Amino acid sequence: LFPLCPGKTGLHFATAFQTIFLIKGEPPMNMLSVPNISPSESAELGPNAIIEKARELLASGAHSESLTLLLTAYTNHPDEHSVQAALIEVLATTKGYILPDAIVNRLADDALTGNHDLKALATILTIQFENNPQVNAAIDFFENHEIGSEITEVPVAALEAVVGNKLFLLICTKGIAASHEVERLVKAMRRIFLLEWTGNANAPTLLLNCCPEILVGLAGQCFNTEYIYSEGADEAAAVNQLYIGIQQKIEDIHPLDIAVLGCYKPLWAALMGNSPEALEGLMKMAETWPSWVQVVWKAQFLAPCQELFLKQNIEAYTKIEDKNSQLLARQFDAFPNPRWFSAPTHHAKEALGQALKNQLPHLALPLVEADAVSVLFAGCGTGEEIVAFASHYETGNLLAIDLSLNSLAFAQRRTQELGIQNAHFGQADILNITDWDASFDVIVCQNVLDHMESALVGLRALKQVAKQSTLFSLALHSERARKPVKKAHDLLTEHHLQPTYDGMRTFRDTVRNLPADHSVRSLAKSSQFYCASELHDLAFNTSEQCFTPAELKNLLAAAELRFLGFEVDNPQVTLLYKQCFPDDIAMTNLDNWEIIDHEYPELFIDGMQFWCALKS
Ligand SMILES: C[S@@+](CC[C@H](N)C(=O)[O-])C[C@H]1O[C@@H](n2cnc3c(N)ncnc32)[C@H](O)[C@@H]1O
């Protein structure tokens, strides 16, 4: 009916930039205005020169020109990794375009071979789906399909736009799509699969006859988002029936049973209660299943089983006595965070000392003597920051500690999979590391201190394992950017919502039903809204401290630490600061940042990430 992954359909890149067209909504500034370099000129430029020019344009706010230039470069140098990466970066930060299918599919292919940033690609998918009438037609088709009925008219173009969209399948399987459209599609399609499969397995009508492989994407997205999507009473009953059926014939499960169940429950949790013999039989049987079902099996059964094994062998490096720490350990065991799937790619690693000298050229930095730095990841969570750091800088010994064993096990599995050999993991409370006879070149402690009763006490504990030259990489929540979250807390109280799945699902519905101009509505746009542990971290934290730049200044003064600068990803922010405060070349004056943050409260929407060091 509609193929899962149609082969590359004659790509006409030459016309790619011409076929982008504006959609209604908020077009980026200067969309479709003429770029400084014409496409024919750019064909003569090398990829690096084009990327540099595109970055300059982006920094000056000229998204459309930057995008046009990169699409032309992609046309001329389709296999150039740096061009692909730059194009993905710009597409993910630009709104108001619809890309031709051929480009979308080609990007998905490149993502697989070139190991590109899946988070950025997920954003591109979201932007594409938000405004695509074919996607809306597909959603209508699936949501309105009557279970078991014959299909008389197939909206081929609409189905091609989703089921034939390789980016959709890629992100569903390997990432999280923070997209209302993807959520509606996945929910509607999994429902049809479930009800057709459990209702009339001998004569399935719609999806099962055509492409059961799409189930890899559906099960993948439901697992990756930790089953945060709500389900109807008819589905709950059918899942129960499916589960009972599986338990009754555990020696002879149909592969579709597994794939459909994986759309509603994590397979490891559903099946772990069986006897060791039954599980062993199941694992043998799994080897005979079609390869697409094995993808689901590996993600949902084998990988979590490996984490359970790793968890049993994680050493305890300190006691956890503090009451708040005990609470946090339970909370992050239930909702390990962040939930991440793809690793960032840095092609050439740098020595940290040199990299920081380049990044912060105007500062007298402590001397980082080691080429390969030793790092303490204090509150490493699920390890994303370890991978980000180790893929960027030359590293020596890495020690990762956290309160939560489940987070540590996830971190250990993922870092092992990514070939990071020099990381060691242990359960420890930062508050109790003060008597360690150790010191590190770098201490990374991001999004951790804000969970403590006192961030200052946490900082003082970290200082005990620092030496004079230690660099601290810290991240804290922004008071002003988190205003909607504070308001969301009022909503939780008002509706008596608990940090459970039911509570979180009701919360999502409540937020979506708020008036469009209600500040809490903005949370539905956050990627954290689309995954249970992320949503928990966004809105259901039991304790949370936030900071303004002025409060950060006071905190660092009390801890006797020297501020070295924010990590600012957005070049427009740097530009803004330099325009406002041309005399502060180092950009380290927190009073100035306070003024800018006051003016632009969403400046630190992703948190305040910064470097600091001991006072000399
Ligand atoms: C929001 S997660 C952040 C994880 C990671 N730092 C990141 O940014 O990706 C916060 C983590 O801090 C850990 N944590 C909180 N207080 C801690 C403490 N006193 N000692 C060790 N870990 C702690 C939690 O268990 C949780 O895994």
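Val444 faces Ser473 of strand S8 across the sheet in this predicted model. The two strands concerned, S7 (residues 440–446) and S8 (residues 466–476), run parallel to each other and are joined over 6 bridges. They belong to an open sheet of 8 strands with mixed pairing, and reading across this sheet gives the order S3-S6-S5-S4-S7-S8-S10-S9. At the edges stand strand S3 (315–316) and strand S9 (561–566); each has a single partner strand, so one side of each has no neighbour in the sheet.

Strand S5 (residues 395–402) is a helpful place to look next, with a parallel partner to be found on either hand. Strand S4 (residues 373–378) pairs with S5 in the parallel sense over 5 bridges, and within this pairing Leu376 has Leu399 of S5 as its bridge partner. Strand S6 (residues 423–427) is likewise parallel to S5, again over 5 bridges, and here Ile401 is found opposite Gly426 of S6. The connections between these strands can also be followed. From S5 the chain passes through helix H22 (residues 405–417) to S6 in a right-handed β-α-β crossover. S4 and S5, together with helix H21 (residues 384–392), form a right-handed β-α-β unit as well. Of the 8 residues of S5, 6 are buried, so the strand is largely enclosed by the rest of the structure. As a general point, side chains in a regular strand alternate between the two faces of the sheet.

Attention can now turn to the nonpolar cores. The largest of them holds 121 residues, among which Leu185, Leu271 and Phe507 touch the most other members. Helix H11 (residues 180–199) contributes the largest share of this core, with 10 residues. For Phe507, setting aside neighbours within four places in sequence, the contacts are Ala488, Leu491, Leu492, Leu497, Leu523, Phe529, Leu535, Ala539 and Phe540. A second core, separate from the largest one, is made of 44 residues and includes Ile401, Leu449, Leu556 and Phe581. Ile401 is thus a member of this second core as well as the residue opposite Gly426 in the sheet.

Leu185 also appears in the surroundings of Ile139, a residue of helix H8 (residues 133–144). Beyond residues up to four places away in sequence, Ile139 touches Glu181, Arg184 and Leu185. The C-alpha atoms of Ile139 and Glu181 are separated by 7.6 Å, although the two residues lie 42 residues apart along the chain. Ile139 has a relative accessible area of 1%, so it counts as buried, the cut-off being under 20%.

Helix H4 (residues 63–76) offers a simple check on helix geometry. At 1.5 Å a residue, its 14 residues should span 20 Å, and the C-alpha atoms at its ends are indeed 20 Å apart, in agreement with that expectation. Because 13 of the 14 residues of H4 are buried, the helix is largely enclosed by the rest of the structure.

These elements can finally be placed within the whole protein, which has 29 helices and 10 strands. Of its 616 residues, 55% count as buried. Among contacts with a separation of 6 or more, 78% join residues 24 or more positions apart. The protein exposes about 26,900 Å², of which carbon and sulfur atoms supply 51%.

Notes:
Residues are numbered from 1 along each chain as its sequence is written. This is a predicted model: local features need pLDDT of at least 70, side-chain atom pairs count only at pLDDT 80 or more; totals for chains, interfaces and linings use all residues. Side-chain values use heavy atoms; hydrogens and water are left out. Helices (H or I, at least four residues) and strands (E, at least two) are DSSP runs, numbered from the N terminus. Buried means under 20% relative accessible area, exposed over 50%, partly exposed in between (1.4 Å probe, protein chains only). Contact means heavy atoms within 4.5 Å. Accessible areas come from the Shrake-Rupley method with a 1.4 Å probe; for residues, only the protein chains shown count as cover. A nonpolar core is a set of buried Ala, Val, Leu, Ile, Met, Phe, Trp, Tyr and Cys residues joined through side-chain atoms within 4.5 Å. The expected span of a helix is 1.5 Å times one less than its number of residues. Two strands pair if DSSP finds at least two bridges between them. A crossover is right-handed if, with the strands pointing away from the viewer, the path from the first strand over the helix to the second runs clockwise.
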